[in-house]
Amino acid sequence: MNKSFTSFFLIICFTLVSYGQSKSKVTEDFNDIYNNLSYNYIYLNDKHVDMDCIKKTYTAKIKALKSKDDVLLYFEYLLDEFYDSHLTLTSHNKKSYRLHSPIFSKTKSNVTLITQVWKSQIASKMPHNIIGAEILSFNGIAFNQMIDSFPTSCNDKTRDDVRSWIGNKILAGRYSEPRNLDLKLSNGKQVSINLDNIKYKEDVGFVSVHKIDNIGVIRINDALGKNKLISQFDSALKTVMNTDGLILDLRNTISGGNTYVARGIMGRFINKTTPYQKHWTYQNFSDQPLVESSSIALVSPRGDIYNKPLVVLANRWTGSMGEGLTIGFDAMKRAKIVGTEMAKLKGSMYGYSFKNRKYGYQLSGEKMYHLNSTPREDFIPEYNVKATTVDEDHILKKGISILKECFVKQ
């Protein structure tokens with residue numbers, strides 16, 4: 001046997017051994033995430049997902065994985081099976097789906113309509129009034145076909161809630177692909193738009209502040225997870241302490257945040273320690289029975305208190321801790337809530353690590369409730385605003401109107 005053949009033979013053997021070791025590591029990581037989903041994902045019983053299908057299908061998929069990118073997408077699609085936007089990996093690649101889109105749609109009986117546009121965050125003028133428009137195709141492919149071919153295998157794609165979730169995931173789009181839509185407007189006209197041509201506002205700092213007719217407007221710039229937001233919020237609030245009323249705009253908080261920041265904000269608007277949210281989970285140890293565990297979260301006053309009327313603005317891009325702040329102000333009866341249903345990001349999140357990856361994932365470990373026992377994800381503002389056009393900020397306009405009514409009553 002010559003040296004060149006021996007070297008080639010050794011390379012092949014080494015490659016096969018490495019390939020086998022890599023597959024076994026993916027299997028190990030799959031078993032861990034499968035077990036965590038089975039026992040620690042608090043919403044599992046609320047989902048219509050066949051876990052036996054998950055086990056069988058995703059075990060079989062491992063043999064076809066050829067690269068690290070394939071493995072990442074494998075775990076991404078696994079989490080997508082649960083049609084829950086709060087279940088995410090802590091990493092992505094160019095073929096991953098983004099987490100959100102500047103428009104929101106709902107699918108019913110295989111018809112997908114645009115119901116909201118991220119008006120508060122969009123800087124460019126929309127070429128058409130797309131509220132109520134039917135989505136016909138995405139990148140030239142019929143939208144229902146896109147939903148049917150979405151890379152999940154074990155969720156029920158005949159359900160409207162599943163199809164709606166997938167539809168919005170498609171609109172978020174892959175990082176590496178364009179997002180061209182063919183639409184039929186509510187007036188019957190067919191048009192095309194490119195979501196990637198939409199320009200967003202360029203936020204400066206974690207918080208923005210201005211005044212409208214001696215009404216303060218404080219806008220959180222998707223920074224509820226930044227602890228330094230509290231000092232910036234304090235500075236912003238100081239400039240509007242003498243206003244007749246205040247609007248807290250939470251319509252750009254899609255990334256969520258933490259309770260340290262949330263309590264820091266709420267504490268500036270109350271005069272005594274007050275409950276604002278309810279947590280629920282269960283505990284189990286070894287083979288012992290499950291025991292429910294619930295608690296009420298409290299917030300205490302902090303600094304100079306703003307006692308004037310307060311309105312909180314919320315929409316589909318009010319997410320997670322933004323949703324917690326919104327229901328908290330409502331539960332404390334400290335603010336009028338104006339807007340629409342929110343992002344519906346369920347639960348309080350816990351982080352997990354893969355044994356063989358440099359990234360991890362997060363799962364919901366506690367259910368969150370309004371004090372009146374409404375699940376956080378089901379909360380609808382008292383002043384529910386339905387936009388009819390994309391040219392006007394209907395939610396902000398309604399918030400100002402409500403505050404001015406409060407001034408008259410005073």
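# A tour of the predicted model, starting at helix 7

In helix 7, the buried residues are Val261, Ala262, Gly264, Ile265 and Met266. Keep in mind throughout that this is a predicted model.

**Stop 1: helix 7 and its surroundings**

Select residues 259-266 to show helix 7. Then bring up what its buried residues pack against. Two helices are on that list: helix 6 (229-238) and helix 8. The strands are strand 9 (215-220), strand 10 (245-249), strand 11 (274-283) and strand 12 (291-299).

Now isolate helix 8, residues 321-331, alongside helix 7. Their axes come within 10 Å and cross at roughly 35 degrees. The crossing of helix 7 and helix 8 is right-handed. From helix 7, show Thr259, Ala262, Ile265 and Met266 as sticks; from helix 8, show Met321, Leu325, Gly328 and Phe329. These residues make the contact. Ala262, Ile265 and Met266 also belong to the buried set of helix 7.

What caps the N-terminal end of helix 7? Click on asparagine 258. One of its side-chain oxygens lies 3.1 Å from the backbone nitrogen of tyrosine 260.

**Stop 2: just past helix 8**

Move to lysine 333, in the loop between helix 8 and strand 14 (336-339). Lysine 333 is not a glycine, yet its phi is positive, at about 55 degrees. Is lysine 333 buried or exposed? Its relative accessibility is 74%, so lysine 333 counts as exposed.

Set asparagine 139 beside it on screen. Asparagine 139 sits in the loop between strand 4 (134-138) and strand 5 (141-142). Here too phi is positive, about 50 degrees, although asparagine 139 is not a glycine. Asparagine 139 is partly exposed, with a relative accessible area of 28%.

**Stop 3: helix 2 against helix 3**

Select helix 2, residues 51-61, and helix 3, residues 68-80. The two axes come within 11 Å and cross at roughly 165 degrees. That angle is over 145 degrees, so helix 2 and helix 3 are roughly antiparallel. Their crossing is right-handed.

Which residues meet here? Helix 2 brings Ile54, Tyr58, Thr59 and Lys61. Helix 3 brings Tyr74, Tyr77 and Leu78.

**Stop 4: the disulfide**

Stay on helix 2 and pick cysteine 53. Its disulfide partner is cysteine 154, with the two sulfur atoms 2.1 Å apart. The structure holds one disulfide. The torsion about the S-S bond is about -75 degrees, so this disulfide is left-handed.

Follow the bond across to cysteine 154. Cysteine 154 lies in the loop between helix 4 (143-148) and helix 5 (160-172), so the pair ties together parts that are 101 residues apart in sequence. Cysteine 154 is buried, at 8% relative accessibility.

Cysteine 406 is worth a click as well. At 18% relative accessibility, cysteine 406 falls under the 20% cut-off, so it counts as buried.

**Stop 5: threonine 107**

Jump to strand 2, residues 103-108, and pick threonine 107. Threonine 107 is buried, with a relative accessible area of 4%. Which side chain does threonine 107 join in a polar contact? It is that of threonine 112, at 2.7 Å.

Display the rest of the surroundings. Beyond residues up to four places away in sequence, threonine 107 touches Thr112, Ile147, Asp160, Arg163 and Ser164.

**Stop 6: histidine 86**

Select histidine 86, in the loop between helix 3 and strand 1 (88-89). Its relative accessibility is 5%, so histidine 86 counts as buried. Leaving aside neighbours within four places in sequence, histidine 86 is in contact with Ser320, Leu345, Lys346, Gly347, Met349, Gln362, Ser364 and Arg376.

**Stop 7: valine 390**

End at valine 390, in the loop between strand 17 (383-384) and helix 9 (394-409). At 6% relative accessibility, valine 390 counts as buried.

Now add glutamine 116. Along the chain, valine 390 and glutamine 116 are 274 residues apart, but 8.8 Å separates their C-alpha atoms. What touches valine 390, leaving aside its neighbours within four places in sequence? Show Val117, Lys119, Met126, His128, Asn129, Ile130 and Ile131.

Conventions
Residues are numbered from 1 along each chain as its sequence is written. This is a predicted model: local features need pLDDT of at least 70, side-chain atom pairs count only at pLDDT 80 or more; totals for chains, interfaces and linings use all residues. Side-chain values use heavy atoms; hydrogens and water are left out. Helices (H or I, at least four residues) and strands (E, at least two) are DSSP runs, numbered from the N terminus. Buried means under 20% relative accessible area, exposed over 50%, partly exposed in between (1.4 Å probe, protein chains only). A polar contact is a pair of N or O atoms within 3.5 Å; within protein, one must be able to donate a hydrogen and the other to accept it, and residues adjacent in sequence count only if both atoms are side-chain atoms. Contact means heavy atoms within 4.5 Å. A disulfide is a pair of cysteine sulfur atoms within 2.5 Å. Axes are lines fitted to C-alpha atoms, for helices over the stretch in contact, and angles run from 0 to 180 degrees between N-to-C directions. Angles under 35 degrees count as roughly parallel, over 145 as roughly antiparallel, 65 to 115 as roughly perpendicular and the rest as oblique. A crossing is left-handed if the near helix is turned anticlockwise from the far one by less than a right angle, and right-handed if clockwise.
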